[in-house]
Amino acid sequence: DGPTTVTVTPINGAVQVSPTILDFTMLNYATPQTVTVTSSSDDDVAGFTTTIRLTAPATATQPALSYDVSVTVVDDDVQVLQFVAANPFTVIEEQTASFTARLAFRPGSDAVVAVSAVDPVLASVAPGALTFTTSTWNLPQAVVVSALHDNDVAPETTAIRLAHPIVPTFDLATTIIDNDTLALVIPAPPTIINEGATATLMVSLNWEPTTTISVSITSSNPA
């Protein structure tokens, strides 16, 4: 009799096998032959189970042969958020700046990623959530960051946080560049003072300084 030819077939094409034909003769029937199973990379993070079927047709001296091998593919991808943002990411006070975010891999279902400013006194964001579906996961979505006004002249640092259970929480470091200029404030200074009399100057600063400010007061005509 001729050799028994075994055909090796992946059931759903999720994996590839090599070789696809095994020949067994009276001389090598008891010698194991190697079949290499290869799983291709995909765009998700989910593993799966598939089947590899080995078959041989019936002949005059043997029945048809069939054997199914169950194969579990463990996905090694880790879902993360991917960003396109200026580095460093800065926003001028009372202005806006934006960045984009997307998922690295297709989610198993819609993923709603919460977006917030870690310090809402310094910045606000829009929108407050990004929805990535199984068909839009790889499309960048924009986040607009607005820097809020404060009462000082110092730059501030905060972070824009994106969070969802399926991805590691990500904080985008954000620097707020202050647009205020420190100046003296003297409301209604006196323009005329009678000889021998006194007048009062009320002096303040328009914004909170970053350090102690010493103001020297001198006269252009001390006589």
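**Exercises on a four-stranded sheet**

V6 stands opposite L22 in strand 3, and this pair, taken from a predicted model, is a starting point for the exercises below.

**Exercise 1.** Work out in which sense strand 1 and strand 3 pair, and over how many bridges.

*Solution.* Begin with the residue pairs: V6 faces L22, while T5 faces D23, which also belongs to strand 3. Next, place these residues in their strands, for strand 1 covers residues 4–10 and strand 3 covers residues 21–24. The two strands pair in the antiparallel sense, over four bridges.

**Exercise 2.** Determine the order of the strands in the open sheet, and say which strands lie at its edges.

*Solution.* Strand 1 pairs with strand 3, and four bridges also join strand 1 to strand 5 in an antiparallel arrangement, with T7 having T55 of strand 5 as its bridge partner. The complete open sheet has four strands in the order 3-1-5-6, with antiparallel pairing. Its edge strands are strand 3 and strand 6 (65–73), each of which pairs on one side only. On average, and with direction ignored, neighbouring strands of this sheet are turned by 20° against each other.

**Exercise 3.** Decide whether T50 is buried or exposed, and find the side chain with which its own side chain makes a polar contact.

*Solution.* First locate T50, which is found in strand 5 (residues 48–56). Its relative accessible area is 2%, and since buried means under 20%, T50 is therefore buried. Then turn to its surroundings: beyond its neighbours within four places in sequence, T50 is in contact with N12, V15, V69, S70 and V71. With N12, the side chain of T50 makes a side-chain polar contact of 2.7 Å.

Notes:
Residues are numbered from 1 along each chain as its sequence is written. This is a predicted model: local features need pLDDT of at least 70, side-chain atom pairs count only at pLDDT 80 or more; totals for chains, interfaces and linings use all residues. Side-chain values use heavy atoms; hydrogens and water are left out. Buried means under 20% relative accessible area, exposed over 50%, partly exposed in between (1.4 Å probe, protein chains only). A polar contact is a pair of N or O atoms within 3.5 Å; within protein, one must be able to donate a hydrogen and the other to accept it, and residues adjacent in sequence count only if both atoms are side-chain atoms. Contact means heavy atoms within 4.5 Å. Two strands pair if DSSP finds at least two bridges between them. Axes are lines fitted to C-alpha atoms, for helices over the stretch in contact, and angles run from 0 to 180 degrees between N-to-C directions.
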